[in-house]
Amino acid sequence: LVRYPDGIEGKNFYQWNVPHGMPSWVRSVLLGKHQKSADEGDATKHVFLIDRVESLLYIANLACIPIHMLGSRVGASDQCDFLTVDFDVDLSTLENAVLLAHTLREILEQLGLVGFPKTSGQSGLHVFVPLGPGVAPEAARVLTDLLGRLIVDAHPTLATVERVVARRGAKVYVDTGQTGPSRTIVAPYSVRATKGARVSTPLRWSEVVPSLDPAQFTITNVPARVAELGDPMAELLAGGPNIQGVMEKLAKLVR
């Protein structure tokens with residue numbers, strides 16, 4: 001969670017662990033060994049499980065605005081339900097990110113995978129790729145890294161997977177680091193700490209166009225959008241691909 005006790009222009013801080021004195025009706029989860037990554041040490045995390053409106057209101061009253069989620073579910077912390085590719089525009093443009101996102105979509109189609117795009121709620125794009133049950137987070141991370149490199153190979157002048165900011169130049173950063181044992185990504189429909197209260201909004205692929213404006217999706221109009229169009233991410237966890245077949249196709253594609 002990211003808490004803004006003094007509003008969006010004041011100081012903010014991150015919080016993994018639930019606070020002392022939390023009401024008993026707010027559920028929480030102790031992350032297991034499968035959700036610890038080597039670069040984060042051995043610290044145990046005791047996190048919120050938001051599964052009811054009242055719990056959502058509780059964290060809102062803690063001045064939480066962005067809500068980040070793990071890629072796994074309770075009872076299956078050793079499995080990754082989806083991977084994330086984050087197109088961070090930074091010094092580039094959203095128009096370039098849109099082109100890269102459609103390149104990812106084409107790659108996924110060749111592999112027998114599907115992508116679910118959404119705005120980040122700020123300036124970039126996220127694409128979630130469902131994996132189905134039984135995929136270890138570490139394996140999901142390897143797959144994500146390979147997808148990132150294929151995107152960069154297709155557009156070397158527009159995209160980079162370079163993690164050092166100073167070395168990226170004016171390219172879209174294809175961030176594959178949001179997938180892993182304890183990695184999180186901003187949740188669909190999470191509000192962001194921006195003027196206008198932008199919302200990280202799931203999109204149909206037909207809406208991922210060069211003229212896309214993430215600022216058009218806000219806390220005031222997204223509920224009506226969902227009521228009218230439904231949720232483009234409703235089927236994200238509904239099924240799963242043939243991962244063995246995916247990896248065989250990926251091996252051929254990489255070669």
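Is Ala63 buried, partly exposed or exposed? Ala63 counts as partly exposed, because its relative accessibility is 21% and buried means under 20%. The model shown in these views is predicted.

**View 1. Ala63 sits in the loop between α1 and β5.** Helix α1 covers residues 53-60. Ala63 has a positive phi of about 70 degrees. Ala63 is not a glycine. Most residues other than glycine have a negative phi.

**View 2. Tyr189 is another residue with a positive phi that is not a glycine.** Its phi is near 70 degrees. Tyr189 lies in the loop between β11 and α4. Helix α4 spans residues 222-229. Tyr189 counts as partly exposed, because its relative accessibility is 27%.

**View 3. The largest pocket has a volume of about 1,400 Å³.** There are 47 residues in its lining. Closest to the centre of the pocket are Ile67, His68, Met69, Leu70 and Ile185. Four strands, β4 (46-48), β5 (68-70), β6 (82-88) and β11 (184-186), each supply at least two lining residues. Strand β6 gives the most to this lining, with four residues. By type, the lining divides into 25 nonpolar, 14 polar and eight charged residues.

**View 4. His126 is buried in the model.** Its relative accessible area is 4%. Buried means under 20%, so His126 falls in that class. His126 is found in strand β8, which runs over residues 125-130. Its side chain joins that of Lys118 through a polar contact of 2.8 Å. Which residues does His126 touch, not counting residues up to four places away in sequence? They are Val85, Asp86, Phe116, Pro117, Lys118, Ser120, Ile185 and Val186. One of these residues, Ile185, also appears among the residues closest to the centre of the largest pocket.

**View 5. The largest nonpolar core holds 38 residues.** Phe87, Leu104, Leu125, Leu147, Ile151 and Val174 touch the most other members. Six elements give two or more residues to this core: β6, α2 (94-111), β8, α3 (137-154), β10 (172-175) and α5 (243-254). Helix α2 provides the largest share, nine residues. Now focus on Leu147. Neighbours within four places in sequence are left aside here. Leu147 is then in contact with Leu83, Leu104, Ile107, Leu108 and Leu111.

**View 6. Another core, of nine residues, lies apart from the largest one.** Its members include Leu1, Val18, Tyr58 and Ile59. Leu1 is found in the segment before β1, a strand of residues 2-3. Leu1 counts as buried, because its relative accessibility is 16% and the cut-off is under 20%. Leu1 and Val18 are 17 residues apart in sequence. Their C-alpha atoms are 9.7 Å apart in space. Leaving aside neighbours within four places in sequence, Leu1 is in contact with Phe13, Tyr14, Gln15, Phe48, Ile59, Cys64, Pro66 and Ile67. Ile67 is also among the residues closest to the centre of the largest pocket.

**View 7. Arg141 is found in helix α3.** Is Arg141 buried or exposed? Arg141 is buried, because its relative accessible area is 17% and buried means under 20%. Its side chain reaches the backbone oxygen of Thr179 at 3.4 Å. Arg141 also touches Arg163, Thr176, Gly177 and Arg183, among residues more than four places away in sequence. Arg141 and Arg183 are 42 residues apart along the chain. Their C-alpha atoms are separated by 10.0 Å.

**View 8. Asp145 has its place in helix α3.** Asp145 counts as partly exposed, because its relative accessibility is 25%. Not counting residues up to four places away in sequence, Asp145 touches Arg163 and Thr176. Both Arg163 and Thr176 are on the contact list of Arg141 as well. Asp145 and Val85 are 60 residues apart along the chain. Their C-alpha atoms are separated by 9.0 Å. Val85 is also one of the residues that His126 touches.

Notes. Residues are numbered from 1 along each chain as its sequence is written. This is a predicted model: local features need pLDDT of at least 70, side-chain atom pairs count only at pLDDT 80 or more; totals for chains, interfaces and linings use all residues. Side-chain values use heavy atoms; hydrogens and water are left out. Buried means under 20% relative accessible area, exposed over 50%, partly exposed in between (1.4 Å probe, protein chains only). A polar contact is a pair of N or O atoms within 3.5 Å; within protein, one must be able to donate a hydrogen and the other to accept it, and residues adjacent in sequence count only if both atoms are side-chain atoms. Contact means heavy atoms within 4.5 Å. On a 1 Å grid over the protein atoms alone, a cavity is a set of points where a 1.4 Å probe fits but cannot get out, and a pocket is an open set with protein on both sides within 12 Å along at least five of seven lines; lining residues have an atom within 4 Å of a point. Grid points are joined across faces, edges and corners, and a volume is the space filled by probe spheres set on the points. Ala, Val, Leu, Ile, Met, Phe, Trp, Tyr, Cys and Pro count as nonpolar, Asp, Glu, Lys and Arg as charged, and the others, Gly among them, as polar. A nonpolar core is a set of buried Ala, Val, Leu, Ile, Met, Phe, Trp, Tyr and Cys residues joined through side-chain atoms within 4.5 Å.
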